[in-house]
Amino acid sequence: MNLFDPELLDRCISCGFCLPACPTYALTGDEGSSPRGRITLMRALDTGVLPVDDPRIREEASFCLGCRACEPVCPAGVQYGQLLETWRDLTWTGRHRPVLARGLMTVAARTALLRLLGLVRRPARGPAGGPVSLMLGCFERGLFPGVSRAARALLPGVAVPAGQGCCGALHAHNGESAAGEEMARRLGEQLPGVVVTTSGGCAAHLATVLGRERVHELSEHLVATGPTPVGEVRVDGRRARVALQDSCHLRNGLGVAAQPRALIAAVAELVAVPGEASCCGAAGTYAMLRPRDSRRVLDPKLDAVEAAGVDYVVAVNPGCLRQLQTGLRRRGSRVRAVHLADLLVHAAGGRPLPRPRRRALRAG
Ligand code: SF4
Ligand code: SF4
């Protein structure tokens, strides 16, 4: 039937190298919840062996985090993220799209509403024009406007055009890939020159539409063009111990992993934590749509962060930041989650960071 691009679907050679990298396979041990198993389901859908309303087809399209950890380990170069977008285009149509996702997509598609959010929370603003533009992500505008201000402080002279729309990643990952592509294209027209974003997820989506050379996530932009970070982050009279939570799409989609680590190491003691490269369970709308599964993915990660004795865990994506902050607060952890932009600005003598608590309020 060619519901999927045959060139993409036929690339999988069923070797299974991707299974150990998949967080949902780690949870269930079930082949159907692995990348290879899901590609088998896509093939069954493509050939008409299973209908689109088959419960397993719908469940696995939803259970998948979309983290793309299966891509870098795949010897055949399967572009699983693109296959998943098509799969959700087919299965998350009309009433089958989760209500919450529908609501968020409606908000994100309305530029006027985004502008209102910006006005209420007063995000960073700057003169329009110039060779480098800062993208104000819609999630960030609503929840973390300080991150945009910090990014602007790190990028003197950056243009921050007002009235920016959404990049469309939300749509692309929730069953409306054509709309997601169109929104990215429109945003590209609004933002002159190189587009810098503080969101790994937005960067990966924008790069697929605007081209890799036009889109920079903040850490890669700073490492490529900026001066070495100045200052130091200190806690209790010593250099702060800081871990990184990778952004899945930034790491697995764009191959950016060394840059945020280099920036952290310049201003603090970088601490490697087991599992730091795997998904935190935020995964776009996943934490809201499947909170129980999201916590099953997150909890062992927070255990590892706490066991490592760090003061801060740094996120490079606002969704991950919210997920980590919520999880750490829930367990009364002493560890604080902050965005990389905030960490660097604080090191340079800017806005204070939340202080790590002296000890855990309660265990578990
Ligand atoms: S997706 Fe890649 S790694 Fe996984 S089974 Fe297919 S070819 Fe092998
Ligand atoms: S995107 Fe993530 S959760 Fe989905 S199949 Fe790939 S590794 Fe597993």
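Here are a few friendly notes on the fold, one buried helix, one helix pair and the two ligand sites.

1. **What kind of model this is.** Please keep in mind that this is a predicted model. The protein is built from 19 helices and nine strands. Of its 364 residues, 49% count as buried. Among contacts with a separation of 6 or more, 73% join residues 24 or more positions apart.

2. **Helix α5, its length.** Start with α5, which runs over residues 80-91. Its twelve residues should span 16 Å at 1.5 Å a residue, and the C-alpha atoms at its ends are 16 Å apart, so the expected and modelled lengths agree.

3. **Helix α5, its surroundings.** How many residues of α5 are buried? Nine of the twelve are, which leaves the helix mostly covered. You can pick them out as Y80, G81, L83, L84, E85, W87, R88, D89 and T91. Charged side chains are on that list too, namely E85, R88 and D89. The cover over these buried residues includes α1 (6-9), α3 (35-46) and α4 (55-63), together with α10 (169-172), α11 and α14 (248-254).

4. **The α11 and α12 pair.** Helix α11, one of the elements covering α5, also packs on α12. Here α11 spans residues 177-190 and α12 spans residues 200-210. Their axes lie 9 Å apart and meet at an angle of about 80°. Because angles of 65 to 115 degrees count as roughly perpendicular, α11 is roughly perpendicular to α12. On the α11 side the contact uses G180, E181, A184, R185 and G188, while α12 brings H205, L206, V209 and L210. By class, the residues of this contact are four nonpolar, three polar and two charged. As a reminder for reading such a list, an α-helix has 3.6 residues a turn, so residues three or four places apart point the same way.

5. **Around ligand 1.** If you zoom in on ligand 1, you will find 14 residues around it, and C12, C15, C18, R36 and C74 come nearest. Which classes make up this shell? It holds eleven nonpolar residues, two polar and one charged.

6. **Around ligand 2.** Ligand 2 is surrounded by 14 residues, of which C22, P35, C64, C67 and C70 are the closest. Helices α2 (23-28) and α3 each give at least two residues to this shell. Its residues divide into ten nonpolar, two polar and two charged. Note that α3 appears here as well as in the cover of α5.

Technical notes: Residues numbered from 1 in each chain as written. Chains lettered and ligands numbered in written order. Predicted model: local features only at pLDDT ≥ 70, side-chain atom pairs only at ≥ 80, totals over all residues. Near = placed C-beta within 6 Å. Axes fitted to C-alpha atoms, helices over the stretch in contact; angles between N-to-C directions. Helix = DSSP H or I, 4+ residues; strand = E, 2+ residues; numbered from the N terminus. Parallel < 35°, antiparallel > 145°, perpendicular 65-115°, else oblique. Contact = placed C-beta atoms within 7 Å. Buried ≥ 20, exposed ≤ 12 C-beta atoms within 10 Å, placed from the backbone. Expected span 1.5 Å × (residues − 1).
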